[in-house]
Structures are given as C-alpha cells and as structure tokens.
Amino acid sequence: IVDIAKIKRNRDKIADLYVEKGFYLASVDYEVKPANEAEVDVWFVVDEKSKVQIRDVEFIGNKDVADDKLRTIIATQSEGALSFLNDSGTYNQEAFERDLLIVSAYYWDQGYANVKVGTPQLRLSRDKRYMYLAIPIEEGPVYTVAKVDFRGDLIGTAADHAKTLSLTAGETFSRSAIAEDRERISNVYMDQGYAYANVSPMPRFDHVKHTVELSYEIARGKKVYFE
C-alpha cells in the first residue's frame, strides 16, 4: 500500500546518507508514477551536486596544544594537492563527529581531565563549494595523580598491586594509562584462576588542587577450576 509518509522518510534517509558521504548540498525528491490501474512506481530523484571541500580546520580557545598538533590526530583535513585522487579534503559528517571524540581523548591522555570540546561551527563559502570548520576548546588545567590505592578482595598486598601499574602518584593523569593498568591487574587475577575478576578504576577529582585520587575496586569472585 502506498504510504506517502514512509516515502518521505525514505527520502530523508537518502539525503542524510549523502551528507555523511560529503555531498553536503545534495537534494533528494520523490515522484509517484502510475504503473497500471492498481500499482505505482516510486522514483527518488537525486541531484548530487559536487562534494563540499574543506578549506580550513581551526581550533578556538586552545592555548597549550597547538592547532598543528591537533590537526595531525584527526581525519578531517583541508583539501590538498592530491585531493582529487581520493576523498581527502572532503567533508564527512560521520568522520568529523569521530574526530571530536578523538580530540577529547587526546586531551584526557595529556592530563586535561576537565577539557570541554564545544559544538563545532560550520560555515559554507558563498558559492557553497567550500566549508570552514572551527572547533571550540576549553582546555582547563592539567591534573596529576595524588594517590593510588586498592580496595576489595585482594590477592596479596596493595604494594604488590602497585608494582604492576604504569601510572603512579605524581604523574600526569591519563585515561588510556588507567585503562591499560586495569587490564594488567585483571590479567594478574586471571593468571591466578579468577577468570571473572572485576577491576573497576574509581577516580576522585579535586578541582581546586587539580589532582586525582585513583582507587581500584577489585572483586575477584570465585576461582575457576578446569577438569
């Protein structure tokens, strides 16, 4: 049964796909044409136009990390001499959204535990061929690790656990380092037969002193035996 509302939703899905692929100015419409007395054909009419090229990517508000450094860690790049050979320099909404997360993750790994990456500003040129991107950033202060402890059902002492860590007191906060240390501790328990041990890092931030107290909560569970 012909449902115009569903046809319109499909039209919008097609338009969204073109935006994701860099055809930011593409237009999509539909036509319903009689095929016989009981049936119709549905046509989607697409005017792709050309892909929108990125003319510039800038960052607003960053002071400690230079624009050039941030540009090296994201996939979204301005057009270059070889852009005609591939999709480099073409705006891709999905890739750009991933880049915003990558920028945040980079700052977290450099100790900026309170960084805020704001809503990006997108501006088209007058001829609608080029796009200018601006990403606002509030870096905030760098946080250091003030203390690391362990709680729960431990195997051995807290000092034994501390030997497995790469991130210790006095060092710069890093989310990736915490994730890697969590994996190391989990592996220690798995090697002892606790296959379902749960290790949960619990950071406590002091936003006045700009420090982090890190506690690993450990529930080792039951030991697993193999027959």
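Trainee: Which residues does Leu154 touch, not counting residues up to four places away in sequence?
Mentor: In this predicted model, Leu154 touches His161, Tyr189, Ile218 and Arg220. Contact here means heavy atoms within 4.5 Å.

Trainee: And where does Leu154 lie?
Mentor: In the loop between β7 and α4, the latter being residues 158–162. The C-alpha atoms of Leu154 and Glu217 are 9.2 Å apart, though 63 residues separate the two along the chain.

Trainee: Why is Leu154 called partly exposed?
Mentor: Its relative accessible area is 21%. Buried means under 20% and exposed means over 50%, so Leu154 lands in between and counts as partly exposed.

Trainee: OK, on to the sheet. What makes β7 and β8 its edges?
Mentor: The strand order is β7-β9-β8 in an open sheet of three strands, with mixed pairing. β7 (144–152) and β8 (198–206) each have a single partner strand, so one side of each lacks a neighbour in the sheet. As for the turn between neighbouring strands, it averages 20°, direction ignored.

Trainee: How do you know that β7 and β9 pair?
Mentor: Two strands pair if DSSP finds at least two bridges between them. β7 and β9 (residues 211–219) have eight, in the parallel sense, so they qualify as paired. Thr144, for instance, stands opposite Thr211 in β9.

Trainee: Which helix packs on the sheet?
Mentor: That's α5, residues 175–191. Helix α5 touches β7, β8 and β9, and its direction makes about 25° with that of β9.

Key. Residues numbered from 1 in each chain as written. Predicted model: local features only at pLDDT ≥ 70, side-chain atom pairs only at ≥ 80, totals over all residues. Heavy atoms only, no water. Helix = DSSP H or I, 4+ residues; strand = E, 2+ residues; numbered from the N terminus. Axes fitted to C-alpha atoms, helices over the stretch in contact; angles between N-to-C directions. Buried < 20%, exposed > 50% of the residue type's maximum accessible area, 1.4 Å probe, protein only.
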